[in-house]
Structure formats: structure tokens, C-alpha cells
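Got your viewer open? Load the model, switch to cartoon, and keep the selection box handy.

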Amino acid sequence: MTGEAIIEVRNLVNRFGSQTVHQDLDLDLYRGEVLGVVGGSGTGKSVLLRSILGLRHANSGTVHVFGEELLSLPPEQRSQLERRFGVLYQRGALFSSLTVTENIALPLIEHAGLNRAAAERLAQVKLALVGLPRESGDKYPTELSGGMVKRAALARALALEPDILFLDEPTAGLDPIGAAAFDQLILTLRDALGLSVFLVTHDLDTLYTICDRVAVLAEKRVLVADRLDVVAATDNPWIHEYFHGPRGRAAEQAAHRAPGSN
């Protein structure tokens, strides 16, 4: 997929003490795509995500989102730009002392200036959008299953109607049926809401099912970012083991059997 790059990472360097995690890393996210980011342990997938979100100052290099360098913006402009992000963290990161409805309403109150009643009415809409029943809004996160927590956290990520959805291991901890349903939900929301999706994952089924492109972090950089068939054919030991091992072959076969696959 090509088109307008709404995230542009150039020459990114991230170091922790004497350890270099990223060295001259380049990566783009194009409008409307689902980009999957994979890599072995220690390749800095979460560090890259935090750098893009402005939660970490890289040692050098630039990150432009919608043409703006987030960390160089004045606070008010930065806040406005960040409202165009929706983030789903790996474990949901819901506030345990708030109900699901209150969790979703919180950014609407804090950032959109809605009163509590209006925010909670809109939160109910977001719940429906992610396929959760109305009564789940009255529950606390500890009362929900793992899959419901993921959906509740996704509803909160969508609260401010973002342009870009960032997902950190969204199917981790879900059973295969729940993970497949979550993958389909992401596709449906991408198409319905016009989202662009930056997805950190290790789930091969997710890569084969919903990703337009896959970026592989290896050797402190993005080794390849392309269609999955091109990525899988790249001559690299980690890529070969990951995509052509037993789990990789099973995921590819399952994707080919799925309705609508070519």
C-alpha cells in the first residue's frame, strides 16, 4: 500500500545506557492501512511505539505525525494532535476504581469538555460500537473477562474519535476464538471509521488476517516493511524461523482457508 504517510519516522536512535535499541530506524504508516509491527524479544517494539506517541524522547532522529513533530509543538497544539490518537495498551490500562462507562467517559470529560451525563451517554455508544452489552458499562474492570476488558479499553481508545489507532498486543491473552473475533472487529472499525492502525503484535493469525503491511524490527532497524508475502520471502534467519516455522505455516494455511481469501 502506498499513499499519504501520516506517520514518518526517520533516522530514529534509541539508547539505554550503552545499549542501542534502534539505530537509524525508518518507518511510515499510510492513511487507511493496518500496519503490523513484529520483531524478536529486545528489538524495541514498545520503545518504538512510545517514541511515536511522544512518551519517550529518542536520542536522535525525527517522528512526524500528520506533518508535525509532536515533541516540538507547544503544549496546546500537542494536546490537540494527541486527541487524534487512540491507544489500546496490552493489559487494557483501565482504571480499576471506575466502572467501564466511567473509564470511557473520562477522556470525553477531560479533553472534549463534556459534562458527566453527556459523556456517559456517549460512552454507551462507544460500548455498542465494540460489541459490548449495555449492562457491561456498570461493571468494574475486575468483573470482566479478558476479552471484555480488551473491548472496553478499545471503546475508551475510540472515545475521542481518533484518526490513528495504536494497538499494543491486542490479542495477547485471548483464546483463539476471542482473538479472531477481535481481529475482525478491528477490520470492521477501520473500514467504518476510516482509521489508520499501528499494530504491535506477535500473533501470526492477526498478521495474516488483517494487516496490509508488516514491518519487521531486526538488527536495530526496520529490516523490511511490505506486504506479508514479500516480508516472508526476505532472506533473514529470524524472518525465516518466524514465518516458515510450524506456527507460521499454520497461520498462512488458515488465512488461505478463510472466507474471502484469495
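We'll walk along one strand and its neighbours, then step back to the two domains and the place where they touch. Bear in mind that this is a predicted model.

**Stop 1: strand β9.** Select residues 213-218, which make up β9. Is this strand covered or open? Mostly covered: six of its six residues are buried. Now turn on the side chains. R213, A215 and L217 point one way, while V214, V216 and A218 point the other way. In a regular strand, side chains alternate between the two faces of the sheet. Here both sets are buried, the arginine R213 included.

**Stop 2: the parallel neighbour.** Add residues 34-39, strand β3, to your selection. How many bridges join β3 to β9? Five, and the two strands run parallel. For a landmark, pick L35, whose bridge partner in β9 is R213.

**Stop 3: the antiparallel neighbour.** Next, add strand β10, residues 221-226. This pairing with β9 also rests on five bridges, but here the strands run antiparallel. Click V216 and look across to β10, where V224 stands opposite. Then follow the chain round the hairpin: two residues lie between β9 and β10, and E219 takes a positive phi near 55°.

**Stop 4: the two domains.** Zoom out and colour by domain. Domain 1 takes in 1-84 + 164-230, and domain 2 covers 95-161. Put a marker at the C-alpha centre of each domain and you'll find 24 Å between the two.

**Stop 5: where the domains meet.** Show the contacts between the domains: 14 residues of domain 1 touch 12 residues of domain 2. Together the two domains bury about 1000 Å², with 71% of that on carbon and sulfur atoms. Which residues should you select on the domain 1 side? Go for R83, F182 and L185, which supply 44% of the area that domain 1 buries against domain 2, more than any other three residues.

Now check the polar side of this interface. The salt-bridge rule finds zero pairs across it, while four residue pairs are in polar contact. Two elements each give two or more residues to the side of domain 1 that touches domain 2: β7 (164-168) and α6 (176-193). Finish by selecting α6, since you'll want it in view for the last item: six residues from α6 make up the largest share of that side.

How values were computed
Residues numbered from 1 in each chain as written. Predicted model: local features only at pLDDT ≥ 70, side-chain atom pairs only at ≥ 80, totals over all residues. Heavy atoms only, no water. Buried < 20%, exposed > 50% of the residue type's maximum accessible area, 1.4 Å probe, protein only. Helix = DSSP H or I, 4+ residues; strand = E, 2+ residues; numbered from the N terminus. Pairing = 2+ DSSP bridges. Domains from an automatic or database assignment. Contact = heavy atoms within 4.5 Å. Buried area = accessible area lost by both parts, 1.4 Å probe. Salt bridge = Lys/Arg side-chain N within 4 Å of Asp/Glu carboxyl O. Polar contact = N/O pair within 3.5 Å; in protein donor to acceptor, adjacent residues only side chain to side chain.
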